[in-house]
Amino acid sequence: MEKWQRSLADALCDPDELVRRFDLDRDATRRVAETFPFRIPRGYLGLIRAKGDPIYLQCVPDPRELEDDPALLDDPLGEESHTLAPGIVQRYPDRCLLMASGRCAMYCRFCTRKRKFRRPFAVSREEIDRGIACIAENETLRDVLVSGGDPFLLEDDQIEYILAGVRRIEHVEIIRIGTRTPCTLPERITRRLAAMLKKFHPLFVNVHFNHPDELTPAAVEALARLADAGIPLGSQTVLLRGVNDDPETLKRLMRKLLAARVRPYYLFLPDLIYGTSHFRSSIAHAAGLIDRLRGWTSGMAVPHLIIDLPNGFGKVAITPDHLVERHGNDCLFANYRGELCHYPDVEK
Ligand SMILES: *Cc1c(COP(=O)(O)O)cnc(C)c1O
Ligand code: SF4
């Protein structure tokens with residue numbers, strides 16, 4: 001067993017231990033955990049400073065998960081209905097997701113795929129083979145996102161098998177991997193893994209960090225191993241109430257990501273999934289947060305604010321509007337400080 005596999009086996013999964021550690025209601029905790037399982041790697045657990053803090057909220061089952069609005073969806077993104085083949089989701093003309101794993105190092109309480117992880121599962125070799133064959137048949141697919149669950153919960157040779165299969169397809173230009181392990185299980189990013197990934201360029205890795213405290217020295221080293229393998233790193237962050245929905249926390253997170261060689265890519269509003277409403281903040285609040293980044297810190301630290309619309313309608317970017325008024329070609333803009341400036345446009 002490799003070190004990361006031992007860490008995973010040692011992760012906190014026992015409700016009674018959780019109840020003792022945080023002085024929780026035993027019945028309520030067990031009930032939530034029966035519906036939505038939890039697993040907290042010891043390293044991540046160690047980042048919790050107090051019950052209810054931003055790290056705690058992301059990983060510890062909360063009774064509010066079962067008291068949610070029943071009108072919310074089980075499959076908010078309509079992934080089931082946009083399935084090309086088992087494990088392949090296509091919603092855009094030129095790219096698709098390949099679901100390579102049904103497991104994660106940690107089961108995030110706000111996860112979009114919460115319903116699927118009621119019972120974490122393995123993806124069979126046959127399903128992977130059929131998925132790859134399906135991508136090979138669809139010549140418009142030039143960008144493949146290997147996702148899950150977390151693809152880095154697979155062993156190196158399984159990951160290599162998938163990447164080699166996708167890389168062999170001539171019309172596939174780029175491969176992206178989405179993983180949260182640099183945050184939740186940094187020891188997974190071994191030198192061997194990085195050296196293997198390097199064979200499949202152009203390869204991008206999108207990681208997932210939601211709070212500055214998650215960028216521990218171990219996480220930063222894991223990211224450096226990937227970056228040193230020539231892999232451009234992006235971050236997909238979820239905007240979570242009580243975790244990162246204030247301007248200072250968000251700014252520190254984005255700066256720390258950049259310093260760890262990760263370019264902030266997307267900031268998602270949480271999807272409309274049952275059991276996650278307590279994490280939602282309004283669109284206006286979210287746009288206001290972006291306004292508190294743009295201009296105030298490196299433009300490279302400012303992600304796109306994204307809503308992934310329900311039922312497979314796809315992602316839309318929300319951009320704060322700085323055009324105050326317009327008369328003919330005369331546009332009046334407000335800069336990041338709210339100061340006004342005229343800008344003459346030209347005719348169409
Ligand atoms: C998010 C997503 C993508 C990738 O979108 P980008 O905006 O290109 O990053 C592709 N396919 C599906 C089904 C997605 O959900
Ligand atoms: S790592 Fe990603 S896919 Fe896995 S539970 Fe967390 S948010 Fe969901």
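These legends go with close-up views of a predicted model.

**View 1. The shell around ligand 2.** Three cysteines, Cys 104, Cys 108 and Cys 111, are among the residues surrounding ligand 2. Also in that shell are Met 106, Tyr 107 and Phe 117, along with Arg 180 and His 208. Sort the shell by class and you get six nonpolar residues, one polar and one charged.

**View 2. The largest pocket, home to ligand 2.** Pull back from the shell and you'll find that ligand 2 sits in the largest pocket. This pocket has a volume of about 1100 Å³. Its lining runs to 47 residues, and the ones closest to the centre are Thr 112, Arg 113, Ser 147, Gln 236 and Phe 268.

**View 3. What the walls of the largest pocket are made of.** Here the lining is split by class: 25 residues are nonpolar, twelve are polar and ten are charged. Which element gives the most to this lining? That would be strand S2, residues 88-92, with four residues.

**View 4. The second largest pocket.** Now for the runner-up, with a volume of about 270 Å³. Its lining takes in 14 residues, and Leu 8, Arg 103, Leu 153, Leu 154 and Gln 158 lie nearest the centre.

**View 5. Helix H1 at the second largest pocket.** Helix H1, spanning residues 3-9, supplies the largest share of the lining here, four residues. Taken by class, the lining of this second largest pocket comes out as seven nonpolar, four polar and three charged residues.

Conventions
Residues are numbered from 1 along each chain as its sequence is written. Chains are lettered from A and ligands numbered from 1 in the order in which they are written. This is a predicted model: local features need pLDDT of at least 70, side-chain atom pairs count only at pLDDT 80 or more; totals for chains, interfaces and linings use all residues. Side-chain values use heavy atoms; hydrogens and water are left out. A residue is near a molecule or strand if one of its heavy atoms lies within 4 Å of it. On a 1 Å grid over the protein atoms alone, a cavity is a set of points where a 1.4 Å probe fits but cannot get out, and a pocket is an open set with protein on both sides within 12 Å along at least five of seven lines; lining residues have an atom within 4 Å of a point. A molecule sits in a cavity or pocket if more than half of its atoms lie within 2 Å of its grid points. Ala, Val, Leu, Ile, Met, Phe, Trp, Tyr, Cys and Pro count as nonpolar, Asp, Glu, Lys and Arg as charged, and the others, Gly among them, as polar. Grid points are joined across faces, edges and corners, and a volume is the space filled by probe spheres set on the points. Helices (H or I, at least four residues) and strands (E, at least two) are DSSP runs, numbered from the N terminus.
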